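Trainee: I would like to learn how to read a protein model step by step. Could you walk me through one?

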Amino acid sequence: MRWSKTLLATLREDPKDAEIVSHKLMMRSGLLVKLSGGLYSYSPLGVRVLHKVEKIVREEMDRAGASEVLFTALQPIELWEESGRAGLMGKSMFRLKDRNDQTMVLGPTHEEVATDYLRTLASSYRQLPATVYQIQTKFRDEIRPRFGLMRCKEFVMKDAYSFDLTSEEADVSYKKMYDAYLRIFARCGLDAHPVEADTGSIGGSHSHEFMVLAPSGEDGILFCPSCRYAANQERAERRAPPCDWSSPSADPRAKVATPGAHTVDEAAAALGIPSDQVVKSLVYLADGKPVMVLLRGNADLCEPKLRRRLGCAELEMADPETTAKVAGPFGSIGPIGVGIPVYADVALKEARDVAVGAGEDGFHVVHCNLMDDADVKIASWDDLATVVAGDLCPHCGKPLALERGIEVGHVFKLGLKYTASMGFKVLDAAGKSVTPVMGCYGIGVSRTVQAIAEQNNDKDGIVWPASVSPCQVALLQLDGRNEAVKSAVDSLEAALEAAGIDVLVDDRDERPGIKFKDADLIGCTVRATIGARSLEKGGVEVRLRRTGETELVPLADAPAKIAGMLAAQAK
């Protein structure tokens, strides 16, 4: 590849709308070109990285026994109505009408299409287990696209779907994909960690996310340094901390005026007590029905935990009017005497001397006994709080640590969610009709590209691992009018390409300093420089991008030297 024959343009300054380092570097290096909010075009170099990641994914999917297919991006809404998911994706799913006024959707994912594909082709146990995968563009109408390829409206995804006769066989398929993901991310040069995760709108009983640790990550990851427990913050559990107010108060329950106190901190200040002695009361609508949630005042609700506990499809905070109707005005609501189900976090289970809202504006109730008060009816005690650093590990009881992470892959045990709702059955060996057990497995291929850049960079630019570098070698031609230099560049380029090594030749009529800066910015694994001065000194200056290690080698020895450097980087 010759720079002069390719549309490549680097930027000296960071784009104004680029917020994280990988987004800045992907655009500055010319790998991405922004079209609109959440929409990006790939340059020739960007496409090369994308295709190299796709190649790794394909090789490991094939190795795991999956078969590649290609489904349509455009899907009839009827499939989503069959599965019961037509309304779950909400406004994030692109919908349109065809000329016959039929509603279609641009696929954000393909569980329904995969299930329809299998039920069309498979009728016997002899055709299972089966795992199919595709690499295809997906569409989601993100309310706030940001961070480049991390959260955009159109992206490339690898999605796979497994179908088995039994749950035990489905566990085997899940493990194959789980192991394949570990290999994929390792080959891409990523330090990716599998963590327990929430299944979200995809559904199912169990899932793992594969997280790339990075300060810019949108997800919180809880780790236990002692027993290696790890989970997404939406899924993480913790041992309930001891309650400091487990002894009943000597004073009876009493209503106290707290004028102007509408937050936990304001109520605590008005009452002269710590904020975690004030109970935070929240009203939510679960599939349209109001429920109350109780937490310690210094804790936050983890909505996915509440959604899982209630088994609801839709969960949203109640509006002020609904809240006032069932529990009193915002800032003063509490559990005493309410007529809706009340779910309390386990950290409050022993609480016998806490303050709660009185259900009346400007008043709170002190010395409330949540465990034994006849006017407080708790439907159940559950782990509902968002786990934070310092909370206790649910397995070993040691303090948890919090990291930030970028999700690059997700594997799900779906069970019968789609196969049952869509009527997919096969005959088993005894001739009995059974519903296959399903799993699904996604990798954000385009997101993985940027995650690699997020985890592999320095002050000068991207440092691509050899396996996915846009070109493994950046060959800089200095003194381009010098015939000896041109001849040496041509010779080295041909030798490297004959050895299967891809090369970007910077043959522009630019100053050496610009070429050096652009080479570091783009981040090819090895930089080889040929100029009149290097030839006079003995040959080719070869530099490893990651370490800066530089060596002058004879032109004839350069191909073998570079091949050895690349091989060492691949280990």
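Mentor: Gladly! Let us start with a term: a residue counts as buried when its relative accessible area is under 20%, as exposed when over 50%, and as partly exposed in between. Keep in mind that this is a predicted model.

Trainee: Which residues of α1 are buried?

Mentor: With that cut-off, the buried residues of α1 are Ser22, His23, Leu25, Met26, Met27 and Arg28. Helix α1 spans residues 21–28, and 6 of its 8 residues are buried, which leaves the helix mostly covered.

Trainee: What do the buried residues of α1 pack against?

Mentor: Their partners are the strands β1 (32–36), β2 (39–42), β25 (457–458) and β26 (461–462), together with the helices α10 (445–455) and α12. While you are in this region, look just after α1: Gly30 has a positive phi there, about 85°.

Trainee: Let me step back to the whole chain. How many helices and strands does the protein chain have?

Mentor: The secondary structure comes to 14 helices and 31 strands. Of the 571 residues in the chain, 52% are buried. The C-alpha atoms fill a box of roughly 95 × 65 × 50 Å along the principal axes. Sequence separation is also worth a look: among contacts with a separation of 6 or more, 70% are between residues 24 or more positions apart.

Trainee: Now to strands. How should I think about their pairing?

Mentor: The general idea is that strands of a sheet pair through backbone hydrogen bonds, in either a parallel or an antiparallel sense. Take β8, residues 154–164, as a case: β7 (residues 130–139) pairs with β8 in the antiparallel sense over 10 bridges. One of the positions to find is Thr137, whose bridge partner in β8 is Val156. Strand β8 also runs antiparallel to β24 (residues 437–444), joined by 8 bridges. There, Phe163 has Met438 of β24 as its bridge partner.

Trainee: Why is β8 described as largely enclosed by the rest of the structure?

Mentor: Because 10 of the 11 residues of β8 are buried.

Trainee: What is the strand order in the open sheet of 5 strands?

Mentor: The order is β28-β27-β29-β30-β31, and the pairing is mixed. The edges are β28 (503–506) and β31 (550–553); each has a single partner strand, so one side of each is left without a neighbour in the sheet. From one strand to the next, the twist averages 20°.

Trainee: How many bridges join β30 to β31?

Mentor: There are 4 bridges, and the two strands run antiparallel. To locate the pair, start from Val540, whose bridge partner in β31 is Val553. A helix belongs in this picture too: α12 (residues 512–522) packs on the sheet, where it touches β27 (473–477), β28, β29 (526–530) and β30. The direction of α12 makes about 175° with that of β27.

Trainee: What about empty space inside the model? How many cavities of 30 Å³ or more does a search of the whole structure find?

Mentor: The search finds 3. Let us begin with the second largest, since we have just met its surroundings. Its volume is about 40 Å³, and its lining consists of Trp3, Ala474, Leu476, Leu504, Asp506, Lys515, Ala519 and Ile522. At least two lining residues come from each of β27, β28 and α12, with α12 giving the largest share, 3 residues. By class, this lining has 6 nonpolar, no polar and 2 charged residues.

Trainee: And what lines the largest cavity?

Mentor: The largest cavity holds about 60 Å³ of space. Around it are Ile20, Phe147, Met150, Ser216, Gly217, Glu218, Asp219, Gly405, Ile406 and Arg447. That lining divides into 4 nonpolar, 3 polar and 3 charged residues.

Trainee: One last exercise, on a single residue. Where is Ala240 found?

Mentor: Ala240 is in the loop between β12 (230–232) and β13 (254–257). Its relative accessible area is 38%, so Ala240 is partly exposed. Beyond its neighbours within four places in sequence, Ala240 is in contact with Val346 and Ala347. Also find Asp391: Ala240 and Asp391 are 151 residues apart in sequence, yet 8.3 Å apart in space, C-alpha to C-alpha.

Key. Residues are numbered from 1 along each chain as its sequence is written. This is a predicted model: local features need pLDDT of at least 70, side-chain atom pairs count only at pLDDT 80 or more; totals for chains, interfaces and linings use all residues. Side-chain values use heavy atoms; hydrogens and water are left out. Two strands pair if DSSP finds at least two bridges between them. Axes are lines fitted to C-alpha atoms, for helices over the stretch in contact, and angles run from 0 to 180 degrees between N-to-C directions. Contact means heavy atoms within 4.5 Å. Buried means under 20% relative accessible area, exposed over 50%, partly exposed in between (1.4 Å probe, protein chains only). On a 1 Å grid over the protein atoms alone, a cavity is a set of points where a 1.4 Å probe fits but cannot get out, and a pocket is an open set with protein on both sides within 12 Å along at least five of seven lines; lining residues have an atom within 4 Å of a point. Grid points are joined across faces, edges and corners, and a volume is the space filled by probe spheres set on the points. Ala, Val, Leu, Ile, Met, Phe, Trp, Tyr, Cys and Pro count as nonpolar, Asp, Glu, Lys and Arg as charged, and the others, Gly among them, as polar.
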